[in-house]
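User: I'm new to this one and would like a close look at a single part of it, with enough of the surroundings to find my way around. Here is what I'm looking at.

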Amino acid sequence: MALRHAVLAALLDGEYSGYQLAKAFDLGVANFWHALPQQLYAELAKLEKEGLVAGRQVIQETRPNKRLFQVTEAGRAELEKFAAAVSKPSFIRDDLLVKVQVADRIGTASVIEQLQERASAAEAKIELLGKLLRQLRGEVDEEEFLRRGERIGPYLTCLRGLAFEREHLDWCRRIAAVLQERQSMHAEG
């Protein structure tokens, strides 16, 4: 998947400025695709040049002018082509896992600390995702929303993000505890 597809997917929900797109990315798309704001701005320029998004200038009196972008029919066709293509299997690529792999050879204190930091970050993300899920479904319970909700794609990807963060939290806590126990045993022995 290229950043272009994530940007096009985010723009399906409306017309956004680069700033609004970055905020939308932080809340929803970041569950499955990370991008810095400057990457998003550069991608918007490419997509506009290729005719996959259309931008328009909005004149503002008290603020700098801004550009709003929306997906074009060519952009929708690109997303349909992307959705029909076979997806590659996902894989984990995480520097913390390399640190855990070598922890018993190089010392565990800093790795334990990083695991605890990751666990805290996962807890915060779980809270944020729970809030977003409640916001997306409104007053409707989840099963009803999944059956009859108007736009469930963002909800479904948010559910995946929530499951990932919960599993990540559990893993970080468990591995930190294992390393702490081993560290204590070595200190006693």
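Which residues does His168 touch, not counting residues up to four places away in sequence?

Analyst: Happy to walk you through it. Keep in mind that this is a predicted model.

His168 touches Asp94, Arg118 and Ala122 once you set aside residues up to four places away in sequence. His168 itself is found in helix H8. Its relative accessible area is 12%, so His168 counts as buried, given that buried means under 20%. As for its partners, Arg118 and Ala122 fall within helix H6, which covers 109-137.

That brings us to the core around these helices. The largest nonpolar core has 20 residues, and those with the most contacts inside it are Val111, Leu115, Leu133, Cys158, Leu162, Leu169 and Leu179. Three elements give two or more residues to this core: H5, helix H6 (109-137) and helix H8 (153-188). H6 supplies the largest share, with 9 residues. In soluble globular proteins, nonpolar side chains tend to be buried together.

Leu133 is a handy place to see this core at work. Skip its neighbours within four places in sequence, and Leu133 is in contact with Tyr155, Cys158, Leu159 and Leu162. Apart from this core lies another one, of 19 residues, including Leu3, Ala22, Leu47 and Phe69. We'll get back to that one shortly.

Staying with H8 for a moment, have a look at the second largest pocket. About 200 Å³ of space lies in there. Its lining is made up of Val100, Ala103, Asp104, Gly107, Thr108, Leu179, Arg182, Gln183 and His186. H5 and H8 are the elements that give two or more residues to that lining, and H8 contributes the largest share, 4 residues. By type, the lining residues split into 3 nonpolar, 4 polar and 2 charged. Leu179 turns up twice in this tour: it lines the second largest pocket, and it is listed among the residues with the most contacts inside the largest nonpolar core.

Now for the sheet. Here 3 strands form an open sheet in the order S1-S3-S2, with antiparallel pairing. S1 and S2 are the edge strands, each pairing on one side only. Strand S1 (residues 16-17) pairs with strand S3 (residues 66-71) over 2 bridges. You can pick these out by eye: Tyr16 stands opposite Phe69 in S3, while Ser17 has Leu68 as its bridge partner. On the other side, strand S2 (residues 53-58) pairs with S3 over 6 bridges. Strands of a sheet pair through backbone hydrogen bonds, either parallel or antiparallel.

Val53 is a good residue to click on next. It is found in strand S2 and stands opposite Val71 in S3. With a relative accessibility of 2%, Val53 counts as buried. Its neighbourhood is a busy list: leaving out residues up to four places away in sequence, Val53 touches Leu8, Leu11, Leu44, Leu47, Glu48, Phe69, Gln70, Val71 and Thr72. Two of those names, Leu47 and Phe69, belong to the 19-residue core mentioned earlier. To relate Val53 back to H8, try Ala176: the two are 123 residues apart in sequence and 46 Å apart in space, C-alpha to C-alpha.

Leu8 and Leu11 are also worth a glance, as both are among the buried residues of H1. Helix H1 (residues 3-11) is mostly covered, with 8 of its 9 residues buried. Leu3, one of those buried H1 residues, is also part of the 19-residue core.

Just past that helix, Asp13 lies in the loop between H1 and S1. Asp13 has a relative accessible area of 41%, so it is partly exposed. Not counting its neighbours within four places in sequence, Asp13 is in contact with Arg151 and Pro154. Pro154 falls within the H8 range of 153-188, which brings us back to the helix you asked about. Asp13 and Val71 are 58 residues apart along the chain, and their C-alpha atoms are separated by 9.3 Å.

One last stop is Ala85, found in the loop between helix H4 (73-84) and helix H5 (95-106). At 42% relative accessibility, Ala85 counts as partly exposed. Ala85 and Gln116 are 31 residues apart in sequence, yet 39 Å apart in space, C-alpha to C-alpha.

How values were computed: Residues are numbered from 1 along each chain as its sequence is written. This is a predicted model: local features need pLDDT of at least 70, side-chain atom pairs count only at pLDDT 80 or more; totals for chains, interfaces and linings use all residues. Side-chain values use heavy atoms; hydrogens and water are left out. Two strands pair if DSSP finds at least two bridges between them. Buried means under 20% relative accessible area, exposed over 50%, partly exposed in between (1.4 Å probe, protein chains only). A nonpolar core is a set of buried Ala, Val, Leu, Ile, Met, Phe, Trp, Tyr and Cys residues joined through side-chain atoms within 4.5 Å. Contact means heavy atoms within 4.5 Å. On a 1 Å grid over the protein atoms alone, a cavity is a set of points where a 1.4 Å probe fits but cannot get out, and a pocket is an open set with protein on both sides within 12 Å along at least five of seven lines; lining residues have an atom within 4 Å of a point. Grid points are joined across faces, edges and corners, and a volume is the space filled by probe spheres set on the points. Ala, Val, Leu, Ile, Met, Phe, Trp, Tyr, Cys and Pro count as nonpolar, Asp, Glu, Lys and Arg as charged, and the others, Gly among them, as polar.
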